[in-house]
Amino acid sequence: MSRPRLFVTRKLPPDVEARLERDYDACLNADDRLMDAWDIVKGCKDRDGLLATVTDRLDAPAIEALPSSIRIIATFSVGYDHIDIKAAKARGLTVTNTPGVLTDATADIALLLILGAARGAGWGEAMIRQKSWKNWAPSGPLGIHLSGKRLGILGMGRIGQAVAARAQAFGLKIHYHNRQRLPVSEEQDAVYHETPESLFAVSDILSINCASTPETRGIINARTLSLLPKDAILVNTARGDIVEDDALIEALSSGRLAAAGLDVYAGEPDIDPRYRTLPNTFLLPHLGSATHETRNAMGFCALDNLDAFFAGKRVPNPVTA
Ligand code: DGY
């Protein structure tokens, strides 16, 4: 029997590519060359499925231009804001993602951002590297104490809940907003807020853990930042476009906000250059899911979805909205 033909947009971990080559007629990207939507459309000629990821912007015109042989898009990511799902549905395409397997890794990075931003890990490390550390000084520079502070979590899905569980070990009191309140048994004693605004008002630290949707894009802006307590910290492991850069940079420059820890950025990797020059930012390059174990698990999860689809079974992780 002939194997399904796949177009794979990025170089994947070796064990994932080995399984791909064993079970599929897979067109791989050995050089990991970044492709634009039109390269992808061309590469999909005579292919049955597309294995894409967060760097592939598949907007409506690109989806409409995909060859009719393509029947499924499996994204190697939990987020799917890079795919126009409505356009994919309109073409009858199945879309799948990789939820669950990157929860722990991403929550770990959120804690790293909280600690890094609160304790000045960015400027501290820079002092060592730039040889500007003169001596231990009682008066500073100083960071922010975590125990007893309130951590606001915007988006209490799997990752938000995993952040809450970890943060409690640091003595943080958890508050959250979610479209739907969690059952009390799953709330981990966190305080629910019906509106984002009510959450912002009590968030000494605000962790963004919601998906990027039309409702959440730009939700962190000058107005909402002004609701945070003075000297608050913002951390973002979700998507860059949830934050308006001008507003965040202004709040960090003026000292209204104490610090920010960021792993994701609008337009990444071309981030707003002002972030680099601010002393109170702790910056990582979208490392949320970047562990060997997690990237393997993401690849295997994407493959489980493709396997099920081509076997005529229900896919485990359909994207429905
Ligand atoms: C995802 O899967 O959406 C993440 O952003 C990748 O780290």
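In this predicted model, Gln188 is partly exposed, with a relative accessibility of 25%. That value falls in the partly exposed class because buried means under 20% relative accessible area and exposed means over 50%. Gln188 belongs to the loop that links strand S7 (173-177) to strand S8 (191-192). The phi angle of Gln188 is near 55 degrees, which is a positive value in a residue other than glycine. Asp189 is placed in the loop between S7 and S8 as well. For Asp189, phi is near 65 degrees, again positive in a residue that is not glycine. Asp189 is exposed, and its relative accessible area is 67%.

Two cis peptide bonds are described next, each with a proline. One joins Gly140 and Pro141, with omega at about 5 degrees. Pro141 sits in the loop that runs between helix H6 (121-129) and strand S6 (150-154). Another cis peptide bond joins Glu268 and Pro269, and here omega is about 10 degrees. The loop that holds Pro269 lies between strand S11 (257-262) and helix H11 (274-277).

A further proline, Pro318, is found in the segment that follows helix H12 (292-310). Its relative accessible area of 42% makes Pro318 partly exposed, because that class covers values between the 20% limit for buried and the 50% limit for exposed. In sequence, Pro318 and Val95 are 223 residues apart, yet their C-alpha atoms are 5.9 Å apart in space.

The interior was examined through the largest nonpolar core, which has 47 residues. Within this core, Leu20, Leu51, Leu151 and Ile174 touch the most other members. The element that gives the most to the core is helix H5 (residues 103-119), with 8 residues. At least three residues of the core come from each of domain 1 (5-101 + 292-310) and domain 2 (103-283). In soluble globular proteins, nonpolar side chains tend to be buried together.

The ligand is surrounded by Val54, Ser77, Val78, Gly79, Leu102, Arg239, His286, Ser289 and Met298. Sorted by class, this shell has 4 nonpolar, 4 polar and 1 charged residues. Oxygen atoms of the ligand are approached by both backbone and side-chain atoms. A backbone N or O atom of Val78 lies 2.7 Å from a ligand oxygen, and a backbone N or O atom of Gly79 lies 2.9 Å from a ligand oxygen. From His286, a polar side-chain atom is placed 2.8 Å from an oxygen atom of the ligand. On its own, the ligand has 240 Å² of accessible area, of which the protein covers 91%.

Ser77, one of the residues around the ligand, is located in the loop between strand S4 (72-75) and helix H4 (85-90). Ser77 has a relative accessible area of 3% and is therefore buried, since the limit for that class is under 20%. The side chain of Ser77 takes part in a polar contact with the side chain of Thr75, at 2.7 Å. A polar atom of the Ser77 side chain also lies 2.7 Å from the backbone oxygen of Gly79. Gly79 thus appears in two settings: its backbone oxygen is placed by the Ser77 side chain, and a backbone N or O atom of Gly79 is placed by a ligand oxygen.

How values were computed:
Residues numbered from 1 in each chain as written. Predicted model: local features only at pLDDT ≥ 70, side-chain atom pairs only at ≥ 80, totals over all residues. Heavy atoms only, no water. Near = heavy atom within 4 Å. Polar contact = N/O pair within 3.5 Å; in protein donor to acceptor, adjacent residues only side chain to side chain. Areas by Shrake-Rupley, 256 points an atom, 1.4 Å probe, with all protein chains shown as cover. Nonpolar A, V, L, I, M, F, W, Y, C, P; charged D, E, K, R; others polar. Core = buried A, V, L, I, M, F, W, Y, C linked by side-chain atoms within 4.5 Å. Buried < 20%, exposed > 50% of the residue type's maximum accessible area, 1.4 Å probe, protein only. Helix = DSSP H or I, 4+ residues; strand = E, 2+ residues; numbered from the N terminus. Domains from an automatic or database assignment.
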